[in-house]
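Q: Could you take a close look at how one pair of helices packs in this protein? I'd enjoy a connected walk through the details.

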Amino acid sequence: MDTKILTTLEYPKIIHRLSQHAATSLGKTAAESLQPVSDLEAVKKILQATDEAYTADRLKGSAPFGGIVDISAPLHRARIGGTLNPAELLDIASTARGGRRVKKHIGLLHEDHPIPLLQLIADQISEHKQLEDAIFECIDDQAEVMDSASAALASIRRELRNGESRIREKMDQMIRSSSVQKMLQESIITLRNDRYVIPVKQEYRSHFGGIVHDQSGSGATLFIEPAAIVAMNNKLRELKAGELREIEKILQKLTALTSDYVEDLLVNLDLLGQIDFAYAKARLAHGMKATLPRMNDRGFLKLKRGRHPLIAADQVVPIDVELGNQYTAIIVTGPNTGGKTVSLKTIGLLSLMAMSGLFVPAEDGSQLCVFDAIYADIGDEQSIEQSLSTFSSHLKNIIRILSSMTSKSLVLLDELGAGTDPAEGSALAIAILEHVHAMDSRIVATTHYSELKAYAYNRKGVINASMEFDVATLSPTYRLLVGVPGRSNAFAIAERLGLARSIIEHARGEVSEEDQRVENMIASLEENRLGAETERQTAESLRREMETLRARHESERERFEEQKEKLLLKAQEEAREAVAKAKREAEQIIADLRKLAMEEGASVKEHKLIEARRKLDEAAPELQKSKRGGTKTAAKPAKIEAGDEVTVYSLNQKGTIVEIHGSDATVQLGIMKMKVALDDLELLKSSSAAKTQQPKQAASLKRTRDENFKMELDLRGENLEEAILEVDRFLDEAFLSGLGQVAIIHGKGTGVLRTGIQQYLRKHSHVKSFRLGNYGEGGIGVTVAELK
């Protein structure tokens with residue numbers, strides 16, 4: 001791609017922004033060398049890498065690039081046998097470790113959210129833990145060789161520290177001496193040429209033995225190494241020389257180890273640069289609020305609210321443009337400062353960004369094309385030779401474009417045909433457009449010539465466009481309107497700027513009637529378009545409002561269903577608790593009955609069983625029911641009298657009123673009487689006359705034999721408590737059936753059941769006497785009871 005065209009479309013500024021998002025110098029180098037690609041598959045691949053990095057950065061943040069530096073120079077030196085210094089070795093180990101961390105980070109992320117392309121790159125990163133450990137064991141974070149690097153170095157440094165300590169002790173004794181202090185400029189110990197010295201006054205030079213190593217600027221102070229420590233300083237110098245030799249040996253050893261991995265580490269640098277470059281593109285996309293474009297090589301582009309990336313977000317005006325489907329050329333007309341050039345650059349720059357694997361600042365669903373080249377002739381970005389006129393410069397550039405373009409090129413021409421006679425300029429512009437159109441190249445051109453509006457209107461595959469102009473404020477809105485030719489608005493702008501009205505009116509008279517009709521037609525089209533746009537915006541607003549209401553309704557419906565489900569679950573739980581409670585109370589009532597039966601024997605009567613049943617009914621879960629006969633129930637206390645036949649609601653049994661006591665009544669239920677509230681009674685049959693004539697007959701019983709009633713009760717296999725309850729029920733029924741004798745079969749067994757039953761019979765009110773069965777009746781396995 002021509003560097004001059006890239007500069008014209010401000011592509012280098014995008015590259016500069018991209019490089020600032022790189023975390024390493026490797027990624028920055030890759031960003032600075034980025035160029036548009038003309039192969040569709042290659043563009044799709046680099047866009048996929050950007051998309052994967054965008055997803056990874058959004059989910060887990062940036063990869064851990066800390067510690068990774070460009071170590072290519074020291075690696076090349078190590079390969080040719082040079083010795084690396086500690087800082088270079090530390091960078092190599094740090095980069096190797098950083099590469100290992102990046103590889104692990106991407107591998108873990110790939111397991112949760114597939115990023116196959118980045119994973120493929122990361123998989124190729126080789127790990128060199130042995131080299132890392134060897135370097136970190138010898139060199140610390142300040143790039144100093146540690147004592148632990150070798151036993152010899154540790155021994156030498158130990159002797160050095162001891163020697164320095166002895167020298168300081170010796171010199172401390174000297175400077176504390178009163179005879180020496182008067183000769184010293186200061187009572188301090190310092191270093192000159194790596195040897196310990198003390199500052200001595202010039203006048204005492206002859207009184208103070210030793211070697212002079214330096215003097216002050218004024219000459220008043222001499223830095224003398226006392227003779228007493230010369231030998232000790234010499235020993236110290238020897239140890240330091242030995243230290244340097246040992247450090248050199250350690251560095252050579254580590255360099256030799258590094259040289260074994262030079263090729264792998266150079267490959268790692270390239271791979272890490274690719275990954276950092278992908279993350280840099282992702283962070284640039286985040287900053288621009290850019291999206292992934294769909295790419296094609298059919299010459300089709302469709303921008304949805306595309307924004308120029310170098311204009312501030314609060315100032316940029318998005319454009320919607322489509323090219324390459326129904327039409328291959330767009331002719332943009334309109335006044336200066338209306339945004340034509342910015343629209344032209346936006347189309348070109350976003351195409352270049354997409355071809356470079358970058359996201360573009362446009363809405364989802366935007367499509368861009370991979371062109372073999374993009375050509376631009378934009379006046380305000382050209383370096384025009386002073387010897388050429390504006391027209392000549394433009395024409396020279398256009399000639400170069402026409403000779404190089406193909407059917408797969410995008411051509412951007414700003415102010416086509418400007419700078420010369422309008423008639424000739426417009427004719428030349430039409431001829432150039434016709435040539436480009438015949439080549440089937442994609443072209444977007446801006447112009448002031450009204451003749452080009454007619455050309456675009458009459459030529460198939462060419463469409464007019466304009467920059468919107470607000471006639472109310474006489475200012476441009478910078479919106480691109482495809483399909484509507486532009487008006488120059490020269491008279492309106494001149495009037496706004498203060499040109500005399502008489503001059504403007506005179507100018508209007510100079511415009512041909514045909515041109516005026518064209519301008520009026522365009523004005524009418526613009527008015528209709530504005531009306532349609534307003535209606536579209538209203539419809540869009542209503543659609544969004546309906547979608548909002550629909551979403552709210554759906555949300556409320558889901559919330560209602562959720563609440564209903566919770567209420568059902570709660571009701572079921574409460575029902576389970578109520579049933580469990582009823583069962584517990586029922587078990588307690590049954591236990592109480594058994595205990596009562598054991599205590600009172602045969603004296604448990606029907607009224608106690610009825611009372612127990614009533615308790616069971618009360619223990620049942622309370623359910624909301626409709627109460628039938630509410631009006632009738634309210635009138636019952638006034639109608640019920642002694643002798644009336646009634647139903648007891650709580651017991652679901654019929655009975656006869658014996659007597660009434662205020663709000664209660666005594667009711668005869670079978671052979672038993674119960675006191676029941678009047679609200680719990682329903683009148684079935686009134687019998688006031690019977691009450692007066694036979695007040696006691698209600699309590700009389702007529703004993704009749706039930707033909708189906710059996711005269712024996714088999715209790716074999718029952719326990720004593722259950723058997724006694726069965727015997728009590730059996731004797732009551734036998735008594736009511738008018739039987740004189742019954743047989744109770746309890747079996748022989750251990751005799752526990754026989755003894756317990758006979759003890760119970762001895763106390764029972766219906767039993768006159770009892771005996772064991774005779775031969776043929778069952779013997780001791782049967783007890784025969786005679787009833788009263």
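A: Happily; here is a look at one helix pair, followed by a few notes on the rest of the chain. Please keep in mind that this is a predicted model.

The pair consists of helix α15, residues 422–438, and helix α16, residues 451–458. Their axes lie 9 Å apart and the helices pack at an angle of about 30 degrees. Because angles under 35 degrees count as roughly parallel, α15 is roughly parallel to α16. As for handedness, α15 and α16 make a right-handed crossing.

Now for the residues that meet. On the α15 side they are Ser426, Ala429, Ile430, Leu433, Glu434 and His437, and on the α16 side Glu451, Leu452 and Tyr455. Sorted by class, this contact comprises 5 nonpolar residues, along with 2 polar and 2 charged ones.

Elsewhere, helices α6 and α8 offer a link of another kind. Arg100 and Glu132 form a salt bridge, with 2.7 Å between the closest N and O atoms. Arg100 sits in α6 (residues 86–112) and Glu132 in α8 (residues 129–138), so the pair, 32 residues apart, links distant parts of the chain. Across the whole structure, a search finds 29 salt bridges.

Finally, a word on confidence. The protein has a mean pLDDT of 82, with 86% of its residues at 70 or more. Two stretches to read with this in mind are residues 623–638, where the pLDDT is below 50 and the model has 15 contacts beyond near neighbours in sequence, and residues 689–705, also below 50, with 20 such contacts.

Definitions and conventions: Residues are numbered from 1 along each chain as its sequence is written. This is a predicted model: local features need pLDDT of at least 70, side-chain atom pairs count only at pLDDT 80 or more; totals for chains, interfaces and linings use all residues. Side-chain values use heavy atoms; hydrogens and water are left out. Axes are lines fitted to C-alpha atoms, for helices over the stretch in contact, and angles run from 0 to 180 degrees between N-to-C directions. Helices (H or I, at least four residues) and strands (E, at least two) are DSSP runs, numbered from the N terminus. Angles under 35 degrees count as roughly parallel, over 145 as roughly antiparallel, 65 to 115 as roughly perpendicular and the rest as oblique. A crossing is left-handed if the near helix is turned anticlockwise from the far one by less than a right angle, and right-handed if clockwise. Contact means heavy atoms within 4.5 Å. Ala, Val, Leu, Ile, Met, Phe, Trp, Tyr, Cys and Pro count as nonpolar, Asp, Glu, Lys and Arg as charged, and the others, Gly among them, as polar. pLDDT is the predictor's confidence in each residue, from 0 to 100. A salt bridge is a side-chain nitrogen of Lys or Arg within 4 Å of a carboxyl oxygen of Asp or Glu.
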